[in-house]
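Work through the exercises below with the sequence and the 3D structure at hand. Each task is followed by a solution in steps.

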Amino acid sequence: MNRTTLLLSLAGLMVVGALALDGVAKHYNRPSSHPPTHVATAPLATRPTGPDQSHTVVQPGEAPIQFVLPVGVGRSPSGKAGPVELTGKLSGAYVLTGPGEAFAWFELSARKPESTQRVPVNLALVVDRSGSMMGSKLEDAKRAAQALVTQLRTGDRLALVHYGSTVTTLPSVEINERTRAELLQAISRIEVDGSTNISGGLQAAAEAVRPYTREFRVTRAILLSDGQPTEGIVSNTGLFSEVGKLRELGITVSALGVGEGFNDALMRGMAERGGGFSGFVSDSAQLASIFTRELEQAASTVARNVNLVLTLPPGVSGVEVMGLPSTREGNTVRVPLYDLTGGQSARVVAKVTLDAPASGTQMEVLGADLTYVDVTADQPTQVLLSLNARVTDDAGTVRSNLDRDVRVHAIRALGTQQLHAAAEEMKNGNRQGAVSLLDNARRLFGSSASALAGEIADVDAAQAAYGKAHSDSDVRREMLDLKKKTMKSFGQNNSY
């Protein structure tokens, strides 16, 4: 059988598979709510929707895939293993000659240290005191802040920043009995005032903690807000840029949204770009426990300033990093990730667009360069991993050498894109669109039902809860809950 006939046959099978997933293609190109500063692939709206060249769609009557590729393990140029291991592999051992696609999966796993040693922390607590915080929200925030202060240890540092239209800063102090009492008193005196100047609060926090970043291995700003920014820098893009600058200075940013009026995309985006955690807190009384977890996270960090840089070799034209912000410069795509504690992990799934050379050759499909600061050793660390595949002109060879596990990761990521889009439609009040996208996600997860039973159960629960949600408050609560689930399904473990 010649190549043209093979490709036509494969295209026919893909069309059948696409029809079996009714409606998925229509929503697949919906733009992400977290667009990267530089798009890592062609804009979603212009990406072609032809046959599934990555072979992710399960075909009608297809026998279950059992083939499993060996996992690639990243190596440090120094030969010394750091606290974070990088592993990964492709969606198959072969790619088809000519234009095509493949998926890549990466896992970052922080090893648990042999002995648990708490790291002294250099923190800034940045509290919104704008008018919308009046009442129980501010009182709960103050109690949570005081609880945080009581848990700090001698030798830690804390700066207190609270902002409305103006910004007030209690400079960073080393914790001892006297300064602890002063901080508790300062927190008790915070009163509501004015609008929401998030950028002013972040800038003040950076000024307060920056002089101590060299002597502390972990520096973090914890931002709390219940609303949209109305003063200072008010655009998402502008605030993302500010947070990126803090991260470059060695200051991790966590962002916690409280109540119902905050901009969830902004708060999540700041945490993603700041290397910290995000939380959506509908009940502000939960803040104390979240502040406790945030302190534990900061104090047990083993790797900070974590970045995964993907290199596009010759023949690879694009990479779509699924569910995460990324920036592309030339032939590299940078993915900022969050600080890791021992035992914590992060998963990255990417769709690769390529044009494979002549059959019979070996092709590097993607290179990965993981960099981070080893907190214990207090030094930068690098891990390298290259993912390669053989090139063939036989579509059957490609399909018979697909990797079972990466296919599941890819289907999970594709379905989770639908869930995230459904959450956005909930926020926009488009009930019909949200229900359709939830159905799409369930169909995708259902194509690998045994491996994705948990995801299917989450969709069923979301559909049932959304069906009962009628008030704006109920809908927003379900939307936020669904977004939390998408973060975990995309392989991110940095949300409360």
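**Exercise 1. The partners of a strand**

In which sense do β11 and strand β15 (residues 340-341) pair, and over how many bridges?

Solution. The model is predicted.

Step 1. The pairing of β11 with β15 is antiparallel and is made over two bridges. Within this pair, Thr-301 lies opposite Thr-341 in β15.

Step 2. Look for further partners of β11. Strand β17 (residues 362-374) runs antiparallel to β11, and seven bridges join them. Here Asn-307 faces Thr-371 in β17.

Step 3. Strand β14 (residues 332-336) also pairs with β11 in the antiparallel sense, over five bridges. Leu-308 has Val-335 in β14 opposite to it.

Step 4. Check how covered the strand is. Strand β11 spans residues 301-311, and eight of its eleven residues are buried, so it is mostly covered.

**Exercise 2. The sheet of five strands**

State the strand order of the open sheet of five strands, find its edges, and follow the pairing from one edge inward.

Solution.

Step 1. The order is β1-β2-β4-β16-β12, and the pairing is antiparallel.

Step 2. β1 and β12 (316-321) each have a single partner strand, so they stand at the edges and one side of each has no neighbour in the sheet.

Step 3. Start at β1. Two bridges join β1 to strand β2 (residues 84-90), and the two run antiparallel. Val-73 stands opposite Thr-87 in β2.

Step 4. Go on to the next pair. β2 is joined to strand β4 (residues 98-110) by seven bridges, again in an antiparallel arrangement. The bridge partner of Thr-87 in β4 is Glu-107. Thr-87 is thus placed opposite Val-73 of the one neighbour and paired with Glu-107 of the other.

Step 5. Ask how enclosed β2 is. Six of its seven residues are buried, so β2 is largely enclosed by the rest of the structure.

**Exercise 3. The sheet of six strands**

What is the strand order of the open sheet of six strands, and what kind of pairing does it have?

Solution.

Step 1. The order reads β7-β6-β5-β8-β9-β10, with mixed pairing.

Step 2. The edge strands are β7 (167-174) and β10 (275-281), each of which pairs on one side only. On average, neighbouring strands of this sheet are turned by 10° against each other, direction ignored.

Step 3. Take one pair as an example. Strand β5 (residues 121-128) and strand β6 (residues 157-163) run parallel and are joined by seven bridges. Val-126 stands opposite Val-161 in β6.

**Exercise 4. Two residues in loops**

Which of these words fits Thr-196, and which fits Val-68: buried, partly exposed or exposed?

Solution.

Step 1. Locate both residues. Thr-196 is in the loop between α4 (177-188) and α5 (198-209). Val-68 is in the loop between α2 (24-28) and β1 (72-73).

Step 2. Apply the cut-off: under 20% relative accessible area counts as buried, over 50% as exposed. Thr-196 has a relative accessible area of 5%, so it is buried. Val-68 has 34% and is therefore partly exposed.

Step 3. List the contacts, leaving out neighbours up to four places away in sequence. Those of Thr-196 include Asp-128, Tyr-163, Ser-225 and Glu-231. Its side chain also makes a polar contact with the side chain of Ser-130, at 3.3 Å. Val-68 touches Lys-89, Asp-403, Arg-404 and Asp-405.

Step 4. Compare sequence with space. Val-68 and Val-406 are 338 residues apart in sequence, and their C-alpha atoms are 8.7 Å apart.

**Exercise 5. A pair of helices**

At roughly what angle do the axes of helix α10 (residues 404-428) and helix α11 (residues 431-446) cross, and why are the helices called roughly antiparallel?

Solution.

Step 1. The axes come within 8 Å and cross at roughly 170°.

Step 2. Angles over 145 degrees count as roughly antiparallel. α10 and α11 are therefore roughly antiparallel to each other.

Step 3. Examine the contact. Among the residues that meet are Ile-411, Leu-414, Leu-419 and Met-426 in α10, and Leu-437, Leu-438, Leu-444 and Phe-445 in α11. The residues of this contact divide into twelve nonpolar, five polar and two charged.

Methods: Residues are numbered from 1 along each chain as its sequence is written. This is a predicted model: local features need pLDDT of at least 70, side-chain atom pairs count only at pLDDT 80 or more; totals for chains, interfaces and linings use all residues. Side-chain values use heavy atoms; hydrogens and water are left out. Helices (H or I, at least four residues) and strands (E, at least two) are DSSP runs, numbered from the N terminus. Buried means under 20% relative accessible area, exposed over 50%, partly exposed in between (1.4 Å probe, protein chains only). Contact means heavy atoms within 4.5 Å. Axes are lines fitted to C-alpha atoms, for helices over the stretch in contact, and angles run from 0 to 180 degrees between N-to-C directions. Angles under 35 degrees count as roughly parallel, over 145 as roughly antiparallel, 65 to 115 as roughly perpendicular and the rest as oblique. Ala, Val, Leu, Ile, Met, Phe, Trp, Tyr, Cys and Pro count as nonpolar, Asp, Glu, Lys and Arg as charged, and the others, Gly among them, as polar. A polar contact is a pair of N or O atoms within 3.5 Å; within protein, one must be able to donate a hydrogen and the other to accept it, and residues adjacent in sequence count only if both atoms are side-chain atoms. Two strands pair if DSSP finds at least two bridges between them.
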